[in-house]
Structures are given as C-alpha cells and as structure tokens.
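Me: I'd like to talk through the holes inside this protein. Can you take my questions one by one?

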Amino acid sequence: MSPVELLILAIVLYLAGAVLSLLFKTNEPLAYQSAGGCAVLGGCAGLLASLPSLLEQTVFVSTLPSPFYFSDLIVRIDPLGAFLLLVISLLVIACSIYSLSYMKEYEGKGAWAMGFFMNLFIASMVALVVCDNAFYFIVLFEAMSLASYFLVISEQNEKGVRAGLQYFLYAHAGSVLIMIAFFILYRQTGSLNFEAYRDAELSPALASCVFLLGFFGFGAKAGMILLHGWLPQAHPAAPSHASALMSGVMVKIGVFGVIKVGVDLLGGDVIWWGYLVLAFGCVSSVLGVMYALAEHDIKRLLAYHTVENIGIILMGVGIGMLGIAYDMPAIAMLGMLGGLYHLLNHAVFKGLLFLGAGAVIYRVHTKDMEKMGGLGKLMPLTAGAFLIGTMAISALPPLNGFVSEWFIYQSLISLSQESSMLLRAAGPIAVIMLAITGALACMCFVKVFGLCFCGRARSEAATNASEVPLSMNIATLMLAGLCILLGVGSPWLAPVIASVAGSLVNSEGLSVVQGAALIPVDATQAILSTPVIAVALLALLLVPMMIFQLFKGRKMARRQSGDPWACGYACEKAMSVSAGGFTQPLRSMFAPVYRVREQLDPSRVLGRGLQATIRYAERIEPLMDRFLVLPSVRWVQSVGRKIQVLQFGDFRIYCLYIIVALLVLLFVPMNIGVN
C-alpha cells in the first residue's frame with residue numbers, strides 16, 4: 001500500500017472506532033474497548049504511512065474527491081507532516097492500549113462518549129498535519145478543538161465545565177486569527193491551496209501581518225506564555241490518556257502551525273520573526289517551570305511543564321528562523337533539529353508522565369501529591385517507568401530530553417559566535433535561561449517523585465494502593481523504553497530528524513553524526529556519545545552493587561534495625577517533606593514572579609468580562625420588556641379586542657361575511673400573473 005492509502009486506512013480505522021463506540025453505548029466496556037482497539041490499529045497504520053517520507057525524504061501528494069467545488073482536498077505527506085504523523089501515531093498507540101483498562105474508572109459516566117470523541121480527536125489531528133488546503137485545514141482544526149473540548153468536560157463537574165469554557169474561548173480566538181491569516185493569503189493568490197501560498201509574493205508588511213496572526217493564533221493552541229491560561233485548567237480536567245494526547249501532541253499542532261506559516265509558507269526570512277519566537281520560547285520555558293514548582297496537583301504541575309517544554313521547542317524553532325534570515329544554514333538546521341527532536345521527545349516523556357500520573361490517581365483517587373507517598377514499593381512498575389520519565393524531562397543523560405536540549409545548547413553557542421551584536425547578546429541570554437529551566441525542572445521532579453513514590457504513605461488510599469492493570473503498565477513501559485531508545489540510539493535517529501530540519505531550512509547535506517557520536521555540524525565545537533555515557537553509567541551502578549555483594553556478609557551481622565532516630569523522639573508523619581515545604585524558599589524568593597502570573601492571567605479578565613456581560617444583559621432585558629415587548633403585547637391585545645366585535649356568534653352573520661368576501665374578489669381587479 002502507498003503512504004496515502006495507509007493514511008486513509010488509519011483515518012478510516014479511527015472513525016470506525018468512533019462509530020462502534022456509539023453503536024455499543026449500552027455496553028460501555030465493549031464500546032471503549034472497540035474504540036481503543038481501532039485506535040491501536042490506526043496508530044500502526046499511521047506509523048507505517050509516515051516512514052517512507054521520513055526515510056527517503058520524498059513528498060507524496062494526492063488530490064482526493066472534494067464535496068465542495070471551491071476547495072481541493074489535497075493530501076501532502078512531506079517530511080514535516082510525516083514527522084508529526086509519526087509523533088501522533090506513537091503516542092496514540094500507547095494511550096489506546098492504556099485506555100483498555102483505565103476507562104473502567106469511567107463506566108457509567110459516559111465512557112462510550114469519551115471513546116467516540118477521543119477517536120474523532122485523533123482522526124482530525126492526523127488529517128490536519130497532512131492537509132494542504134486552507135479550507136480543510138481550518139475545518140479539521142475546528143474539529144480537533146471541538147472534540148478535545150468534549151473530552152475536557154467529560155466528567156461534567158463544575159471545575160471541568162469552567163475549564164472547558166476557558167479552553168473553548170482560547171481555541172476559537174486562535175482559530176479566528178488563523179482564518180484571517182489564510183484569508184489574506186487567499187486574497188493575494190486567489191487560491192485556498194498551500195502550494196499557491198508558497199509561491200506568493202507578499203510585501204514585507206503584509207507578510208509580517210500574516211506571520212503575527214499565525215504565530216499568536218497557533219501560539220494559543222501551543223499554550224505558550226501569555227496564551228497558556230487554558231492549559232493548566234483543561235489538562236487536569238480531562239481523562240489521563242486524553243491529557244497525555246493533548247499535552248503530548250495537540251499542543252504540538254500549534255508549533256507545527258508556527259513552522260508551517262513562518263517557514264514553509266512565508267520562508268522565514270525576516271530577522272525579527274526569529275527573535276520574537278526565540279524570546280517567547282525563553283520566557284515560556286522559565287516561567288512555565290517556576291509556576292510548576294508551586295503546584296501540589298500533579299496534573300496541573302505537568303500541565304505547566306508543557307508550557308516550559310513548548311518554550312524549549314520554540315527556542316529551537318526561533319534559532320532555526322534566525323539562521324534562515326541571516327543565511328546561516330548550519331545554525332538554521334541545528335536549531336530546527338533541536339526543536340523538532342525536543343518535539344518528539346516531549347511527546348514521549350510527557351505522555352509517559354501523564355499516563356503514570358493517571359495510574360497513581362487510578363489507585364489513590366486524588367491528584368493532591370500531599371496525600372500520596374510510599375507508592376514505590378506498592379506500584380514498582382509504575383514507579384520505575386515514572387522515574388525514567390522524570391529523568392528524561394529533567395534532561396539527564398543519556399535519555400532523550402538531554403539529547404534534544406544538547407542540540408539547542410550547541411545551536412545557541414554557535415549563534416553567540418557570530419559577528420552580529422544582536423546574535424552575540426541573544427545566544428548567551430538564551431543559554432542562561434535554558435540552564436535555569438533545566439535546574440528548576442530537576443528540582444521540581446525530585447519533589448514530584450519523592451512525594452509520590454518515596455517516604456511513608458500520607459493517606460489511607462496510598463497505604464492500600466496496588467499495581468495497576470497490565471495494559472496500563474504495558475503503555476507506560478513502552479514509552480519509558482522509547483525515552484531510553486531516543487537517547488541512547490540518538491546517533492542513528494538524529495540524522496533522520498536532521499533531514500526533516502534540512503528540508504525546511506534548505507540546508508540538506510550537513511552531518512550531525514560522526515560514527516556513534518553526535519556533533520553540532522562542526523566536530524571541533526563539541527562531541528557527544530550517548531551510548532558511551534549509557535555504558536559508563538551502567539558501570540557506575542554495577543560496580544558498587546558487585547562490591548556490596550562481595551562484602552555484604554560481614555556487614556549484615558552488625559546491621560541495626562528499627563525506627564529511625566529523630567532527635568530522641570519517634571518518627572512522625574508530620575516530619576516528612578511536603579510539597580509546599582519543598583518549594584517554600586523558591587516561592588518566597590520569586591514571589592513577584594508568581595504575582596505576575598495572577599495579574600497576567602487572561603482568564604481572570606475573561607471571567608470579569610463575562611460577568612459584566614451577564615450583568616449588562618440582566619439590566620437590558622427588563623428595559624426591552626418594558627419598552628418593546630410589553631407595548632407590542634398590549635397593542636396586539638387591543639387589536640384583538642377590536643376584532644372580536646366582528647364575532648357575533650350568529651351563523652347568518654358569518655354567511656354574510658363569506659358573501660361579501662366573494663363579491664370583493666369578483667369585482668376588485670387582481671393581477672395574479674396569468675394571461
């Protein structure tokens with residue numbers, strides 16, 4: 001089968017899963033298992049569809065029959081679209097396997113509807129990244145937003161509905177900006193096809209207008225800073241496997257849109273565009289991780305880390321755009337490679353962390369980390385997979401998060417060595433902000449893992465927890481394995497992603513690999529071998545264990561057991577570290593930054609605006625009743641009373657009315673259009 005045929009098969013499987021979930025709504029286990037099974041098969045088909053374009057760097061274009069005469073239904077599987085298709089398919093497979101057991105929690109709460117909207121959500125994302133027509137792109141973008149909205153409000157509680165409304169407003173405000181951008185391109189080219197936009201000749205001012213509309217429109221979907229207010233509300237409200245897809249791949253549609261408009265359609269050759277993207281990336285990364293540190297709700301914390309990692313991806317994209325604008329192909333390719341590699345890595349480790357958090361919530365029935373603790377011994381497989389995810393997101397070698405951030409560091413170092421004063425200033429500033437982000441991320445996930453899985457249980461539910469069902473463990477362990485593979489196997493995987501980056505910035509042929517080591521194009525600048533680091537770390541673990549095994553006999557005889565000594569007092573639960581206590585010094589030190597979060601949060605302004613509108617409507621409604629509705633009602637009643645005079649109740653009078661009407665029709669000339 002051709003890639004386009006495999007893609008169509010994947011979409012058909014997703015839609016079939018949605019339909020089956022509707023048909024079996026009276027048997028909810030069968031409904032969500034049918035939806036999940038079809039999604040797994042669809043993910044496999046999508047994975048196969050993405051490989052030819054990625055490995056061979058070819059573009060597959062096909063025009064399908066369109067129900068609308070004014071718009072062509074064009075499918076284009078190019079390297080960028082294939083890369084996003086790969087990312088979506090990988091996470092869909094894991095989340096769908098996970099849902100087979102996880103959805104038992106939602107039986108009797110509309111699990112069949114969740115299966116329906118989940119498959120529609122996935123199908124719209126898959127079709128969106130390969131669509132090459134503005135009309136269908138907008139339709140699919142709206143379908144994706146609408147399906148995900150129903151997932152956010154799936155629990156039908158007040159908090160979820162409020163989060164859904166906020167998400168709905170952000171999503172559609174972004175859609176309006178994107179529509180305006182495409183409308184401007186349509187007016188300039190007379191076509192809705194992206195191919196015409198690639199060849200369009202726009203004035204610098206008009207091109208910048210289109211870019212800004214696209215950047216902020218897609219930025220709202222990506223959840224970058226200032227436009228992120230919906231994200232920490234919506235992600236915790238959705239089911240955990242839906243949160244994993246929303247955070248892991250849906251927000252990447254926003255990044256995809258920024259690259260699509262800024263680089264693919266407009267060329268990305270305006271210098272200040274790159275600085276703007278880089279600046280938003282830097283600020284998003286630092287503020288995202290700082291806000292995450294202050295959270296006790298594990299899913300809200302992970303949602304804020306999405307803001308952080310979107311910032312890191314935007315840093316790579318911004319560097320790539322600067323490289324294009326300054327005609328520096330090596331830096332352009334290196335920055336875009338770091339951004340795209342981190343896009344893939346974030347999808348994997350954030351999907352893993354959301355699924356791991358969902359497994360914990362599945363057992364302890366709370367999102368509050370203060371009520372967890374001691375789960376490592378009771379849920380060892382979940383704890384092991386979650387630990388790998390925390391290490392990956394903290395960019396610890398040799399896992400995948402370290403590799404992508406290393407490429408971004410190297411691109412920033414290369415940037416700071418250029419002759420331009422702006423580049424010499426931007427490079428070091430961005431390096432410092434990325435380093436701060438990494439340090440705070442490590443601190444945050446030491447807190448998360450320690451509070452959730454280490455120490456004593458801090459609630460009865462945590463004391464009685466047990467390991468989750470097998471399908472949930474398979475999904476988390478699969479993603480944990482991918483975190484290791486994408487890190488240790490980076491010398492063999494990075495060239496594929498580099499070719500995708502090269503196709504975007506027209507810098508193909510540059511090498512980022514030297515044997516089993518990674519290089520930032522120039523081997524004299526730096527070199528990294530993740531396989532060597534992995535072997536060294538394994539040796540550091542194995543050698544102490546071997547020494548322990550050799551000498552443990554003599555040591556064990558003198559070992560003391562019993563409660564730990566706590567300054568002469570018995571160890572109490574209150575002595576354990578809490579989430580608030582862990583981050584209290586940081587929250588005190590950066591209190592102004594946390595106040596800024598409240599002041600700049602658009603949701604508060606939107607909420608006040610909504611309340612003001614309601615109050616205004618409440619005042620206007622009585623006025624309309626008094627001056628418009630009630631006078632109209634009184635006039636109709638008056639006319640009715642006057643007409644009632646004609647109603648005598650005498651049959652002979654009614655016959656007279658009929659005769660008069662006939663005489664009028666006979667003698668009054670009327671033109672009814674008949675000759």
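**Cavities and their linings**

Reply: Sure, starting with the lining of the largest cavity: by class it has nine nonpolar, six polar and no charged residues. Bear in mind that this is a predicted model, where local features need pLDDT of at least 70, side-chain atom pairs count only at pLDDT 80 or more, and totals for chains, interfaces and linings use all residues. Residues are numbered from 1 along each chain as its sequence is written, and side-chain values use heavy atoms, with hydrogens and water left out.

Me: What makes a residue such as G36 part of the lining of the largest cavity?

Reply: A lining residue has an atom within 4 Å of a cavity point, and a cavity is a set of points on a 1 Å grid over the protein atoms alone where a 1.4 Å probe fits but cannot get out. G36 is one of 15 residues lining the largest cavity, and with S99, M118, N119 and H241 it lies nearest the centre.

Me: What is meant by a volume for the largest cavity?

Reply: Volume is the space filled by probe spheres set on the points, with grid points joined across faces, edges and corners. For the largest cavity that comes to about 120 Å³, and for the second largest about 40 Å³.

Me: Why is the lining of the second largest cavity counted as eight nonpolar residues?

Reply: The lining residues are V87, L90, L91, L344, A347, V348, L479 and L482. Ala, Val, Leu, Ile, Met, Phe, Trp, Tyr, Cys and Pro count as nonpolar, Asp, Glu, Lys and Arg as charged, and the others, Gly among them, as polar. So the lining has eight nonpolar, no polar and no charged residues.

Definitions and conventions. On a 1 Å grid over the protein atoms alone, a cavity is a set of points where a 1.4 Å probe fits but cannot get out, and a pocket is an open set with protein on both sides within 12 Å along at least five of seven lines; lining residues have an atom within 4 Å of a point.
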